[in-house]
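Please look through the structure shown here, beginning with the fold as a whole and ending with single residues.

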Amino acid sequence: MAESALITPRQVEFFHENGYLALDSITSVDEVAWIRGIYDHLFSIRAGREEGNQFDLAGTDEEGKEAALPQILDPSKYAPELKTAKCLTNALSITRQLLGPDAVHGGEHAILKPGGSAVPTPWHQDEAYWDPSFRYNSLSVWIPLQEATIENGCMWFVPGSHKQDILPHRSIGNDPRVHGLELDVAGFDLSQAVACPIPAGGATFHLSSTLHYTGPNLTDQPRRA
Ligand code: NI
């Protein structure tokens, strides 16, 4: 697949206008199934837990308490074969179309939203996690490992929200023990938010300043991404 053939000029334009892009296919469903097997294994052995690379993004992360939104940082450290995934190559090629040819790959993380989880990942801008003395030309690629639906917690974006500054954030639930951040949405208009359900093998791309959220997982299956 030629780099320039991955997405159309119209899709590039949509991304810069809206701050996000949803694609139905960046890799095969076979590769998604392969990654899903590795992913489930890493969570089952609690990979990274002792080093602080596996933690609960949305809960208080007490030992022995079920995690609300368990996350593994740098999963390829525990399963190096993930580095060969075609979706990584394709995500970088598309990123270079969106941000420019100098774009480099930063890293990965795995986020698991258990089935029947009433916990949404609250509205935030990724850049709120980073050093506020810089502005970033950066995007995140979200790759679900099954179909992503409104019911199981697909991505939502506020179109055009990347054109504003980084807004004030706080710990989720205003609980300083929680790793994750949330926007203080009091008085903030989210009525324009757009849900992006995508099939397995698809991905969403969003700028580090784009407001985004995933809903609770109301199904009985885990939502893996
Ligand atoms: Ni985010």
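**From the overall fold to single residues**

Of the 225 residues in this protein, 48% count as buried, and it should be kept in mind throughout that the model is a predicted one. The secondary structure consists of three helices and 13 strands, and the C-alpha trace, taken along its principal axes, spans about 50 × 45 × 35 Å. Because a compact globule with 225 residues would have a radius of gyration near 17 Å, the computed value of 17 Å for the protein agrees with that expectation.

The contacts give another view of the chain: when those with a separation of 6 or more are considered, 80% of them are accounted for by residues 24 or more positions apart. Turning to the surface, the protein exposes about 11200 Å², and 54% of this area is supplied by carbon and sulfur atoms. As for the charges, the protein carries 16 positive and 29 negative ones, and the mean positions of these two sets are 1 Å apart.

The next stop is the metal site. Which protein residues act as donors to the nickel ion? They are His 124 and His 212, each through NE2, together with Asp 126 through OD, and these donors lie 2.1 Å from the ion. Along the sequence the donor residues follow the spacing H-x1-D-x85-H, in which one position separates the histidine from the aspartate and 85 positions separate that aspartate from the other histidine. Are His 124 and Asp 126 buried or exposed? His 124 has a relative accessibility of 7% and therefore counts as buried, while Asp 126, with a relative accessible area of 12%, is also buried, because the limit for that class is under 20%.

The backbone offers two further places to examine. Most residues other than glycine have a negative phi. Asp 74, which is not a glycine, nevertheless has a positive phi of about 55°, and this residue is found in the loop between β3 (70-73) and α3 (86-99). With a relative accessible area of 32%, Asp 74 is partly exposed, since that value falls between the 20% limit for buried residues and the 50% limit for exposed ones. Asn 174 is likewise a residue other than glycine with a positive phi, in this case near 60°, and its place is in the loop between β8 (169-171) and β9 (181-183).

Definitions and conventions. Residues numbered from 1 in each chain as written. Predicted model: local features only at pLDDT ≥ 70, side-chain atom pairs only at ≥ 80, totals over all residues. Heavy atoms only, no water. Helix = DSSP H or I, 4+ residues; strand = E, 2+ residues; numbered from the N terminus. Rg over C-alpha atoms; globule rule 2.2 N^0.38 Å. Buried < 20%, exposed > 50% of the residue type's maximum accessible area, 1.4 Å probe, protein only. Contact = heavy atoms within 4.5 Å. Areas by Shrake-Rupley, 256 points an atom, 1.4 Å probe, with all protein chains shown as cover. Lys, Arg positive; Asp, Glu negative; His and termini not counted. Charge placed at Lys NZ, Arg CZ, Asp CG, Glu CD. Donors = N, O, S within 2.8 Å, 3.2 Å for Na, K, Ca; no water.
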